[in-house]
Amino acid sequence: MSQENKSAGIPLPNIFDRPANTVSLTINDIPVTVNRNSTILEAATKAGVHIPTLCHLALDGFDIHSETSSCRVCVVEVEGRPRLVTSCSEKVVEGMVVRTDSPRAIRGRRTNLELLLSNHPRACLTCAKNLDCELQKLARDMSIREITYKGERKRFDIEYSSRAIIKDPDKCIMCRRCETMCNDVQTVHVLSALGRGFDSVVGPAFHADLGETTCTFCGQCVAVCPTAALTEVNETSRVWRALHDEKKHVVVQVAPAVRVAIGEMFGMAPGSISTGKIATALRRLGFDAVFDTNWGADLTVVEEASELVSRIQNGGPMPILTSCCPAWVNFIESQFPDMLHIPSTSKSPMIMLGAMAKSYYAQERGIDPDSIVVVSIMPCLAKKAEAARPELSKDENQNVDIVISTREFGHMLQEIGIDFPNLVESDFDSLMGESTGASIIFGTTGGVIEAACRTAYEILMEEPLERVELTQLRGLEGIRSGTVMFGDTPIRIGIAHGLGNARRLLEGLRSGEYEFEAIEIMACPGGCIGGGGQPYHHGDMDVLQDRQRALYREDRNTPLRKSHENPMIRRIYDEFLGTPYGEKAHELLHTEYTAREKI
Amino acid sequence: MSHLELDMSILEPELLAELDAYIDSLPDPRGSIIAVLHKAQELNGYLPRELQLYVARRTGLPTAKINGIVTFYSFFSEVPSGVYTISVCTGTACFVKGAQEVLDRFREELKLEEDEPMTEDGLFSINDVRCIGACGLAPVVRVNERIFGHVKPDQVSEIIAQHRKEAADAS
């Protein structure tokens, strides 16, 4: 470097006044000093210069990066370099002179974007990602008014057989973010680029349907797709049909993570708590009963904590694994078939509530269970596949009939013109709508096991747990551990979120590196707050933190904070279920797991 | 929409034993996956899905990754080929010297559509390949390892007949 500078006759920059690990450069004449190893893009952000990106993905809080540099819409001019460089991958060097605003840089970015658009359906008006698409936003930001390049367009079949995820490769721009999530982050390894050149496409081996693969339907590919190449299967029309069918009694439930995210679709700040507005909105939509999945979560906690206590008292099997995350269940069934005896057999809160709606609620209200339609609003796409599992049914009836995502719910509200931010607040129906703070934190990593510990402690110790906030279990690190003292007995807890972390934790368990009494696993980074069905965060990790804080805030604001103290849970055991983890509970609230060999 | 029907029993045990021995002889089979796939194709003639899945399971690599490699490199084939693979070079030099007419004539004489893998008797497959680096011989045709230079459409039937005879003599 110094020799090069001497030979070019450029004076050496004075590097002695600065820490050696920083680099100074100018971007559009603005001087900026950044850490060595920064990219031009990172330096530009610090200098307040916006460079458009498309394929680039950096979820720093989770150490998730996708750097394929394939879209080339971030190219900039660097003095002394013959070609434009991709600012997302090019590292800064001392004295670099960067221009993002030169005619050549602007023309380069426009050309690359136009080439991408020339091979795109451009059906924005009827696209699922209309006004939520990063490609569309770029076209607007760059004032594209016509596409000068005409040519062949790729054509592939749309795949939606899983009933959870739609894959429409015609809309794919080969950014490979989905591959990063599926392979590097989740370690599910279902997606790969297939073929080459113009015929290349991202998909499973042999162009198989997603349902034929080990896909867990976690939906993280959908969460990061910049276009509508990957979206959820839209079930809103089925919900409308049920609501307009007079012969049907349509009940609805809402997962905890939905209430801290739905507001984002209506311009509310991330982390706004919308519980009361959701209840009002659901009555406006015309649901016959408005239930809360939190109630189901309280029921799950009582069953799961009873199961934990039973395993502690009867010598195992240990550890117990939480089982409320359906993508995680799909993962363990196909990836760790030798460990299927350790997950809790408790059904998920969503399925428990569905099962109770079609048994207890139907009996209580004198309604024919066959006429009840259970709709679930979930932050999750795997919940769609979970609801369709044949074993989660009773007498030909699925426990849950239709699952829609937080996004689909938002779209239904927009469709009928509900002014969501200004809705008055109301309560969920009391019968299966009352809940505790323990159930609210189900929506974040660490929350389920914290809730379970609050109840298991009191069952086992037969004394009140004074300090309910088990902060040693909280955080956003991928793999965490903490110990909760049950009297003199330490209960060691392991927590993982993201399936790659789950894999590492289970492998550590197998090898003896880890020893735990209980483990919580959530498939999505952050837990359900970062679910594949949530409003798009477009790579902004602060959004997830805001959602997480909101859940803990709501827990603190709730008078009852232990699931077994929920009066409506006590009532259902007294009147209908008998004892927790007893015979009737087993019949209605527990399930089994099957090893699945897939590609 | 399901279309994936895999029948692992089509794989010959002797072939798999030989492939296993090769994989076990490698210090790092995952790092040498292309060599493993070469070996599999050499033993089986082509790489059916079942064989790709077998390699994936045996090496512990994702099936999607294996299929990505197989469909990326033109050397690998997912469909069976005939005893003789006729590769007509359609690189620039051969193309301007009339390779397309030669290619069309081969398809016509062998009654082989573009998407058909081989002739009914299993004797011939046709490939169009990009430059094989013998531009001085344009248009050039390769039948397995044998090279024919300056090929004219009228010579096509003779080339076919020569190989038919060779196959008949061999059997």
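## Notes on a predicted two-chain model

1. **Glu408 in chain A.** Let's start with one residue: Glu408(A) is buried, because 20 other C-beta atoms lie within 10 Å of its own, and 20 or more is what the cut-off asks for. Keep in mind that we are looking at a predicted model here. Glu408(A) sits in helix H13, which covers residues 406–415 of chain A. What does Glu408(A) touch, not counting residues up to four places away in sequence? The answer is Asn234(A), Glu235(A) and Thr236(A). There is also a long jump along the chain to look at: Gln534(A) is 126 residues from Glu408(A) in sequence, yet the two C-alpha atoms are 9.3 Å apart in space.

2. **Strand S12, a covered strand.** Now go to strand S12 of chain A, residues 249–254. S12(A) is mostly covered, with 6 of its 6 residues buried. Follow the side chains and you'll see two sets: His249(A), Val251(A) and Gln253(A) point one way, while Val250(A), Val252(A) and Val254(A) point the other way, and all of them are buried.

3. **The partners of S12.** Which strands pair with S12(A) in the parallel sense? One is strand S15 (residues 372–378) of chain A, joined over 6 bridges. In that pairing, His249(A) has Ile372(A) as its bridge partner. Another is strand S13 (residues 289–292) of chain A, joined over 4 bridges, and there Asp292(A) stands opposite Val254(A).

4. **Val251 up close.** Val251(A) is one of the residues of S12(A). It counts as buried because it has 26 C-beta neighbours inside 10 Å. Setting aside neighbours within four places in sequence, its contacts include Phe287(A), Asp288(A), Ala289(A) and Phe291(A), and also Ala357(A), Ile372(A) and Val374(A). Try finding Val290(A) too: it is 39 residues away from Val251(A) in sequence but 6.1 Å away in space, C-alpha to C-alpha.

5. **Nonpolar cores.** In soluble globular proteins, nonpolar side chains tend to be buried together. The largest nonpolar core in this model has 182 residues, and Val252(A), Phe291(A), Trp328(A) and Ala523(A) have the most contacts inside it. A second, separate core has 19 residues, among them Cys94(B), Ala99(B), Ile126(B) and Ala138(B). Back in chain A, Trp328(A) is in contact with Ala502(A), Ile521(A), Met522(A) and Ala523(A), once neighbours within four places in sequence are left aside.

6. **Two helices that cross.** Helix H9 (residues 293–313) and helix H11 (residues 349–365), both of chain A, pack at about 100 degrees, and their axes are 8 Å apart. That angle makes H9(A) roughly perpendicular to H11(A). On the H9(A) side, the meeting residues include Thr293(A), Trp295(A), Ala297(A) and Leu299(A), and on the H11(A) side they include Pro349(A) and Met352(A). Sorted by class, this contact has 7 nonpolar residues, 3 polar ones and no charged ones.

7. **An open sheet with a helix across it.** Elsewhere in chain A, 4 strands make an open sheet in the order S14-S21-S20-S19, with mixed pairing. S14 (320–321) and S19 (479–486) are at the edges with a single partner strand each, so one side of each has no neighbour in the sheet. S19(A) and strand S20 (residues 489–497) run antiparallel and are joined by 8 bridges. One of these pairs Val484(A) with Ile491(A) in S20(A). Helix H15 (residues 447–461) lies across S19, S20 and strand S21 (518–522), at about 15 degrees to S19(A).

8. **Chain B.** How many helices and strands does chain B have? It has 7 helices and 4 strands, in the order α-α-α-α-β-α-α-β-β-β-α from the N terminus. Of its 171 residues, 26% count as buried. Strand S1 (residues 84–89) runs parallel to strand S2 (residues 124–129), with 6 bridges, and antiparallel to strand S3 (residues 141–143), with 3 bridges. Val88(B) is a handy marker: it stands opposite Asp128(B) in S2(B) and opposite Val141(B) in S3(B).

9. **Where the chains meet.** Finally, 17 residues of chain A are in contact with 14 residues of chain B. The chain A side of that contact has 9 nonpolar, 4 polar and 4 charged residues.

Definitions and conventions. Residues numbered from 1 in each chain as written. Chains lettered and ligands numbered in written order. Predicted model: local features only at pLDDT ≥ 70, side-chain atom pairs only at ≥ 80, totals over all residues. Axes fitted to C-alpha atoms, helices over the stretch in contact; angles between N-to-C directions. Parallel < 35°, antiparallel > 145°, perpendicular 65-115°, else oblique. Contact = placed C-beta atoms within 7 Å. Nonpolar A, V, L, I, M, F, W, Y, C, P; charged D, E, K, R; others polar. Pairing = 2+ DSSP bridges. Core = buried A, V, L, I, M, F, W, Y, C linked by C-beta atoms within 7 Å. Buried ≥ 20, exposed ≤ 12 C-beta atoms within 10 Å, placed from the backbone.
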